[in-house]
Amino acid sequence: MDTRGRGTPQEPGLATHDPPSPLGALVKCLPVLSLAVSLWAVSPSGGYTALLQGALLCSAVGDICLVWPDAFLYGMAAFATAHLLYLAAFSFSPLQPATLLLVALACGPYYGLLLPCLPPDMALPMVAYALLLATVLWRGLVRGGSASLGALLFTISDSVLAWDAFAQPLPHAHLVVMTTYYAAQALIALSAVSGLRHKTN
């Protein structure tokens, strides 16, 4: 997920980038759209694959929205929908509450430090999104394989993004956010291919 400042959120380092444009939005979402198409070509059927494709398409919509700062909440909603689809794909079985405890211990202090930095009108949606993201991390870690690393990188990407946008500017934040974001999406998509290979062996 991609946003700056304590007023209207925008993408990290936006002041040093070109102004928002439809071409820029297309370029930004193209890698994620390519992953969705690749999944269709490699694994055209199956509920898990379909859920990942839906999540990738929602993420692409979020990428487009977040190019324009005024559409930040729409982008957040699109990414929240993507995370719900990832949760449906990862499932809640087995539960492994010990993993949830580890996620809570890791994420809780970070969110506790970030929350006072949020504008009042952003606090509730950001908390809801953070809880959803932490849940995706929990279920991704339980699923294992590339999905676990993808969920972890997604969490790192959004954590760096939020800290840079609302708490304190970080050096090379844009590079870190986008690199971990695209890697996360690719690794989660790869989990569908890995699952297909296991079934055919």
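Helices (H or I, at least four residues) and strands (E, at least two) are DSSP runs, numbered from the N terminus.

The model is predicted: local features need pLDDT of at least 70, side-chain atom pairs count only at pLDDT 80 or more, and totals for chains, interfaces and linings use all residues. Residues are numbered from 1 along each chain as its sequence is written, and side-chain values use heavy atoms, with hydrogens and water left out.

**View 1. The whole protein follows the pattern α-α-α-α-α-α-α along its sequence.**
The protein has seven helices. Its strand count is zero. There are 201 residues, and 47% of them count as buried. Buried means under 20% relative accessible area, exposed means over 50%, and partly exposed lies in between (1.4 Å probe, protein chains only). The protein exposes about 9700 Å². Carbon and sulfur atoms supply 73% of that area. Accessible areas come from the Shrake-Rupley method with a 1.4 Å probe; for residues, only the protein chains shown count as cover.

**View 2. L23, L26, V27 and L30 form a nonpolar patch on the surface.**
Together these residues have about 390 Å² of accessible area. Patches are made of residues with over 30% relative accessible area and no salt bridge; like charges are joined within 9 Å, and nonpolar side chains (Val, Leu, Ile, Met, Phe, Trp, Tyr) within 5 Å. A salt bridge is a side-chain nitrogen of Lys or Arg within 4 Å of a carboxyl oxygen of Asp or Glu. L30 sits in helix α1, which covers residues 22–42. L30 has a relative accessible area of 44%, so it is partly exposed.

**View 3. S21 lies in the segment before α1.**
Its relative accessibility is 26%, so S21 counts as partly exposed. The partner to find here is I64, 43 residues from S21 along the chain. The C-alpha atoms of S21 and I64 are separated by 9.6 Å.

**View 4. The peptide bond from S93 to P94 is cis.**
Its omega is near 0°. P94 belongs to the loop between α3 (72–90) and α4. Q96 is found in the loop between α3 and α4 as well. Q96 is not a glycine, yet it has a positive phi of about 50°. With a relative accessible area of 37%, Q96 is partly exposed.

**View 5. Helix α4 (residues 97–114) packs with helix α6 (residues 145–167).**
The angle between them is about 20°. Their axes are 11 Å apart. That angle makes α4 roughly parallel to α6. Axes are lines fitted to C-alpha atoms, for helices over the stretch in contact, and angles run from 0 to 180 degrees between N-to-C directions. Angles under 35 degrees count as roughly parallel, over 145 as roughly antiparallel, 65 to 115 as roughly perpendicular and the rest as oblique. The crossing of α4 past α6 is left-handed. A crossing is left-handed if the near helix is turned anticlockwise from the far one by less than a right angle, and right-handed if clockwise.

**View 6. A162 is placed in helix α6.**
A162 counts as buried because its relative accessibility is 7%. C117 is 45 residues from A162 in sequence. In space, the two are 9.8 Å apart, C-alpha to C-alpha.

**View 7. F154 lies in helix α6.**
F154 has a relative accessibility of 2%, so it counts as buried. M178 is 24 residues from F154 in sequence. The pair is 9.9 Å apart in space, C-alpha to C-alpha.

**View 8. H172 has a positive phi of about 60° although it is not a glycine.**
H172 is placed in the loop between α6 and α7 (173–200). At 63% relative accessibility, H172 counts as exposed.
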